[in-house]
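Dear colleague,

Please find below the structure that I am handing over to you, with its sequence. My notes on what was found in it follow directly after.

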Amino acid sequence: MSSLIRFVAVLVLGLAVLAYGALWLVTQRLREWEEGDAQLRAELAVNSSRRAVVKRWESGNFAALSDILRDITRDERIRAIGACSTDGRLLAKTTDWPASLPCSGEALNPGGRVHVSAVPLDGEAAPLGTLVLIQDLTFLERREHAIRDFLLIAFGIFAAAASLVTVVAARLSWRGWSNQLRKLLLRGGAQPGQFQPLMRDVRELVEKLATEKEDLEGRGTWTPQRLKQTLERHLEGERVVIVANREPYIHQRGADGHITVKHPASGLVTALEPVMRACGGTWVAHGSGNADRETVDAKGRVRVPPGEESYAVRRVWLSAEEEAGYYYGFSNEGLWPLCHVAHARPTFRIDDWRHYQAINQRFADAVVEEVDVEDPIVLIQDYHFALAPKLIRERLPRATLITFWHIPWPNGERFGICPWATQLLEGLLGSSIVGFHTQQHCNNFIDAVDRLLEARIDRDQRVVVHHQRSTAVRAYPISIDWPNRWAKEAPSVAECRRSVFAELGLPANAQLGVGVDRLDYTKGIEERLLAVERLFERFPQYRGRFTFAQLAAPSRTAIERYSRLNDNVEALAARINQRFAEGRWKPIALLRAHHEPPDVFRYYRAADVTYVSSLHDGMNLVAKEYVAARDDERGVLVLSSFTGAARELTEALMVNPYDLEQASSALATALTMPEAEQVDRMRSMRALVAEYNVYRWAGRMLVDAARHRARERLSGRLTDRLLGLERTA
Ligand code: G6P
């Protein structure tokens, strides 16, 4: 027995040494990568404001220079910046610049886990000096801890497995054991060799993590090709299955009897459609068009986009009563107002809830029909499907399920008013990962779980463990495709301006403001028109010169709150027009209709200013589309600070849409903004959206999914092997 204990002890010790060796190696690699990334980030940050910095520096306006430096430090990792002249004087700095830190002299070492980078700046005639950026690298520690924990757990499992194998073997008689060993050896699966595949698994996993890191943080922009390669590399090119209520292409038969294909107005569709074109796979959605049934095969499938046919839409059919209960009722009169702080009271009806349950089950069944492996990767979208993850998990226990919630998640107290709050949370916790746009929404979700369920919450790792299943909660800010398909296809800015001005009957010297939304009370359309009215009150010089065109797509009109909004917006536009109209000029053009993307982009490109005034919005992709549309780097974005986009598009003019004084001032500022400033702001926002595009969003989620699946497969293999061994024994 004592020799058995000695054997197990040596084994565990050996594994521990290996674990620490692997950990040391991975940590070293991580640090090397981060050094490179930090330097690149510093250069990118400086490049985005280089012109403005050089201008202020050359004119000797160091107070303004400090302001620009402060703007650069909005990047959460850049802690402080100092501008050092060529002769070593500190000319400007941000407030966090360490008092003791000189521009020259001994090595720059402000202490703590930071990276210091120096980016030289040249003026018109001569070098100006150097920008020194101090970056916060404390996040590295968190990453290293995560990898350390993972490696230790993996090695812990191996140590336990090895010990168990040894103990099981010891229970056999010496002779039986040696016979058993001989038999195993002959079959090539001997116990000493048993560790070989296990070690190989670990090596594979570590390599996989390393290459995933390269994929995520390697240099260069995410493109459809890169997303495709990522899929091939990590998911062996497997098909992606998406579940989303709204379909990307709607077949509609018009009054003339012809079938046309419509692109619905939906941020979700805007983001996911390019991803599906890049990845292929199946989009499971409600077949909502009046000609949808005529255009599918016997299994309810149709290949899209028309003419390109790169992926399939699987349509799920709903009766009018089911649609009223699941879609209009529970989803849009219950969950939508529950999740948005927009002063609409949620309505919860038991019949709607029953429909919601039944339709979630129907979509879960459709997913099971669409997948072809027992551990597929399924991306479940939005508030229509809070129950689906658990229902799919019951049928496919090994699936990797990523649920992305496209709208805000309210605080725990507010969420608790839903009579079925616990069922919704339990449904979502069937997911492997639940994603939101912002960390705030992740925190709210975790708080809701904390309040309403008996679950273990690891806030550091952002993981919830419920009924022995763990779900990671992560922020993935969504975006649009870049280069943007519709922007690429649009006519020149001058051409767009000519055609839009002709449509609106505007003279060439007029100024144009644009708003683009579904007619939804969360979008702040009334507040937007009131801000335009306030502009004309406070700045009469804009009367007769400025027109605001609101493209408003009718939405969810069967719901009373929406039809009321429709009437209110119409009445408000009519009142403002009546109040200020002069001759042929009207201040507001309310274009209440569905507009196809080419039209929307024409308006973006014709606009002097676009105003996004949401009262509460998960992300808001109109803001990002406007930025994508302006390849001329002109135009100004006025953006509500209550959108997820406000955290990224920091060069927009940020407003509280309820504050009409502030919003009208922002419109006036936009209309008088010098071209050079428009260019500076637009260029910087374009650089951000180009880098943080939707391929990166999908890539990050899919790599996380692949990583999750690798872990599951590894632990599945371990369990299978152990069970197999026990059986053989
Ligand atoms: C929001 C939701 C989407 C939805 C879109 C349009 O963006 O997050 O899931 O598709 O609104 O709404 P609709 O009800 O027309 O699909």
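Strand 6 and strand 7 form a hairpin, with five residues between the two strands. In the turn, G257 has a positive phi of about 90 degrees. Please bear in mind that this is a predicted model. Strand 6 covers residues 250-253 and strand 7 covers residues 259-262; the two pair in the antiparallel sense over four bridges. One residue pair in this hairpin can be located directly: Q252 has T260 in strand 7 as its bridge partner.

The ligand site comes next. The ligand is surrounded by 13 residues, and the closest are R246, S266, Y327, D382 and R556. Three side chains may be picked out here. An N or O atom in the side chain of R246 is 2.8 Å from an oxygen atom of the ligand. For the side chain of S266, the corresponding distance from an N or O atom to a ligand oxygen is 2.9 Å. In the side chain of R556, an N or O atom is likewise 2.9 Å from an oxygen atom of the ligand. How much of the ligand does the protein bury? Taken alone, the ligand exposes 380 Å², and 90% of that is buried by the protein. Two elements give two or more residues to the shell around the ligand, namely helix 7 (267-279) and helix 8 (320-339). By residue class, the shell divides into five nonpolar, four polar and four charged residues.

Helix 7 also holds a salt bridge. E273 and R277 both lie in this helix, four residues apart, which is about one turn of the helix. The closest N and O atoms of the salt bridge between E273 and R277 are 3.6 Å apart. For the structure, the count comes to 46 salt bridges.

Finally, I would draw your attention to a sheet later in the sequence. This open sheet has six strands in the order 19-18-17-20-21-22, with parallel pairing. Which strands lie at its edges? These are strand 19 (588-592) and strand 22 (653-655), each of which pairs on one side only. Direction ignored, neighbouring strands of the sheet are turned by 20 degrees against each other on average. Strand 18, residues 546-553, pairs with strand 19 in the parallel sense over five bridges. Within this pairing, the bridge partner of Q550 is L590 in strand 19. In a regular strand, side chains alternate between the two faces of the sheet.

With kind regards

How values were computed. Residues are numbered from 1 along each chain as its sequence is written. This is a predicted model: local features need pLDDT of at least 70, side-chain atom pairs count only at pLDDT 80 or more; totals for chains, interfaces and linings use all residues. Side-chain values use heavy atoms; hydrogens and water are left out. A residue is near a molecule or strand if one of its heavy atoms lies within 4 Å of it. A polar contact is a pair of N or O atoms within 3.5 Å; within protein, one must be able to donate a hydrogen and the other to accept it, and residues adjacent in sequence count only if both atoms are side-chain atoms. Accessible areas come from the Shrake-Rupley method with a 1.4 Å probe; for residues, only the protein chains shown count as cover. Ala, Val, Leu, Ile, Met, Phe, Trp, Tyr, Cys and Pro count as nonpolar, Asp, Glu, Lys and Arg as charged, and the others, Gly among them, as polar. Two strands pair if DSSP finds at least two bridges between them. Axes are lines fitted to C-alpha atoms, for helices over the stretch in contact, and angles run from 0 to 180 degrees between N-to-C directions. A salt bridge is a side-chain nitrogen of Lys or Arg within 4 Å of a carboxyl oxygen of Asp or Glu.
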